[in-house]
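Me: Could you take a close look at how the helices pack in this one, and then at what sits around the ligand? An informal walk-through is fine.
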Amino acid sequence: MNRALSLPSSGELSGEIEVPADKSIVHRSVMFNAVAEGTARVEIPILGRDNFATIRVMRQLGVEVEVEVPQALASIAEAELEGRCSVGGRSGCVVKIIGHGFEALRGPDGKLDCGNSGTTARLVCGVLAGTDFSSTLDGDSSLRKRPFGRISVPLSKMGAKFSGETLPLEVTGSALKGIDYISPIASAQVKSAILLAGLRASSSTSVREPFLSRDHTERMLRAMGAEISQKMLPSGEWLVKIEPLLGGKQLRALDLKVPSDISQAGFFLVAGLLIPSSRVTLKNICFNPTRSGLFHILRRMGAAIETSNERVLCGEDVVDITVESSQLRGVHVDPGEVVSCIDEIPILCVAAAAAKGTSRIEGIGELRVKESDRAAMIESLLRCYGVKVRSGIQHLEVSGVGGVQNLSLDPSAAVDWKSCGDHRILMSAAVLGLAAQGMTEVEDIAAIETSFPNFLDCFQELGCELASDEAGA
Ligand code: S3P
């Protein structure tokens, strides 16, 4: 079934919305509490299929996790959790995790199905590395193509054994030793897997990364009682060090209220900036400095974008963000900044397409190994709207057309992006289509549910109209 989203008759977007929970924080809150001692209650606004994968996998490892979802999420939750959830009357979700420490984990009966979620699969490797059993990780066709050597290489140095470098991947746990690892890439997934394994090693473990990747793991593990230190080196690299849990020490269960995800907010920030006369507020956004790159880049591009209601919630900075439509200009983004908005690069490129002047984004190599080759998909998408893009392995250059009125759909352009199944590319395409033509067709709703089940509802809350074409024509 296709969905057609059109602009309100006023032509502008207006209102306040709350986008889904920060996906990175939800994964960690479930996984870390599952290996802690005690019962944790985690309150989460809407969450997507990826987060259900982490709940499913931790249950397969013997952890008791109770899940209550709102009616709007019932069918997704029931499908992802094989019916093991309840439907409550509130608008958000509540997840209760009853942890009994790492030692209580049990070898699973079948494969651990991580679906589309790279964060589930990579972080859980760090948990599995120190167990006394073997387990096999698997995922969908996209996840099976993604690299796991970045995880198996350091964890093998610590003592765990891996059957290969892609899924399906057998992980055999072992007694672990601490390592000092120099990571060639700034990746929070790599860093987090090593830190989790480090909790069970016989001595301290450190990870050095070229730029500081998102630090939710460090913040949360510290709040749960782990000993972690972090510093910038004179070279500009970052070093994080963790001490093992020795002498029966355990992580403490941690209750959390998860704020909303800046990666999901990004689609509405850019829509509000591009669609004339709009004013949009995104409520309750996690504004962790390692994640807020998009905000600062948009501001450099000339965006009327402000934060308000600044506060700290469960160890994370939280703000509301308001945008008003603005004429944007081209921007230069360097590799350190890319790390702070790696998942927002597709929607940033949509903003760059409508800007006046050329934007150059350097250090985008990691984009090529996400749920799709996102750099290639962005090129394919922007070319459909007549935007010139030049790219190399590590850079993207977008020649902005100077306003949405100059974006027009080229019916003869190749549409490789349409079948990529990548949630972030499909949502970026929806925003671009809406801004350029005042309406947009959204086909692969199931892929968008990976992270944002209520994506279209949020546009409706801002006044857009939604029509369904049952025939899928
Ligand atoms: C994530 C880290 C990032 C990001 C992913 C979520 C995390 O991946 O792209 O969506 O929660 O740790 P890398 O660490 O591989 O850059």
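Reply: Here is the helix packing, followed by the ligand site and two backbone details.

One caveat up front: this is a predicted model, where local features need pLDDT of at least 70 and side-chain atom pairs count only at pLDDT 80 or more, while totals for chains, interfaces and linings use all residues. Residues are numbered from 1 along each chain as its sequence is written, and side-chain values use heavy atoms, with hydrogens and water left out.

Two packed helices are described by the angle between their axes and the distance between the axes. Axes here are lines fitted to C-alpha atoms, for helices over the stretch in contact, with angles running from 0 to 180 degrees between N-to-C directions. Helices (H or I, at least four residues) and strands (E, at least two) are DSSP runs, numbered from the N terminus.

Let's start with H12, residues 345-354, which packs against H14, residues 423-437, at about 20 degrees with the axes 9 Å apart. That makes H12 roughly parallel to H14, a label for angles under 35 degrees. Their crossing is right-handed, meaning that the near helix is turned clockwise from the far one by less than a right angle. On the H12 side, Pro 346, Ile 347 and Val 350 meet Arg 424, Ile 425, Ser 428, Val 431 and Leu 432 of H14, contact being heavy atoms within 4.5 Å. By class, that contact has 6 nonpolar, 1 polar and 1 charged residues (Ala, Val, Leu, Ile, Met, Phe, Trp, Tyr, Cys and Pro count as nonpolar, Asp, Glu, Lys and Arg as charged, and the others, Gly among them, as polar).

H12 also packs against H9 (residues 262-274): the axes come within 9 Å and cross at roughly 10 degrees. H9 and H12 are therefore roughly parallel to each other. Gly 266, Phe 267, Val 270 and Leu 274 of H9 make the contact with Ile 347, Val 350, Ala 351 and Ala 354 of H12, a set of 7 nonpolar, 1 polar and no charged residues.

On to the ligand. Around it are Ser 24, Arg 28, Thr 119, Ser 187, Ala 188, Gln 189, Arg 214, Ile 342, Asp 343 and Lys 370, each with a heavy atom within 4 Å of it. For polar contacts, read pairs of N or O atoms within 3.5 Å. Ser 24 puts a polar side-chain atom 2.7 Å from a ligand oxygen, and a side-chain N or O atom of Lys 370 is 2.6 Å from an oxygen of the ligand. Gln 189 uses its backbone instead, with an N or O atom 2.9 Å from a ligand oxygen.

Two backbone details to finish. The Leu 167 to Pro 168 peptide bond is cis, with omega near -5 degrees, and Pro 168 lies in the loop between strands E9 (161-162) and E10 (169-172). Asn 284, in strand E16 (residues 279-286), has a positive phi of about 60 degrees although it is not a glycine.

Terms used
Parallel < 35°, antiparallel > 145°, perpendicular 65-115°, else oblique. Polar contact = N/O pair within 3.5 Å; in protein donor to acceptor, adjacent residues only side chain to side chain.
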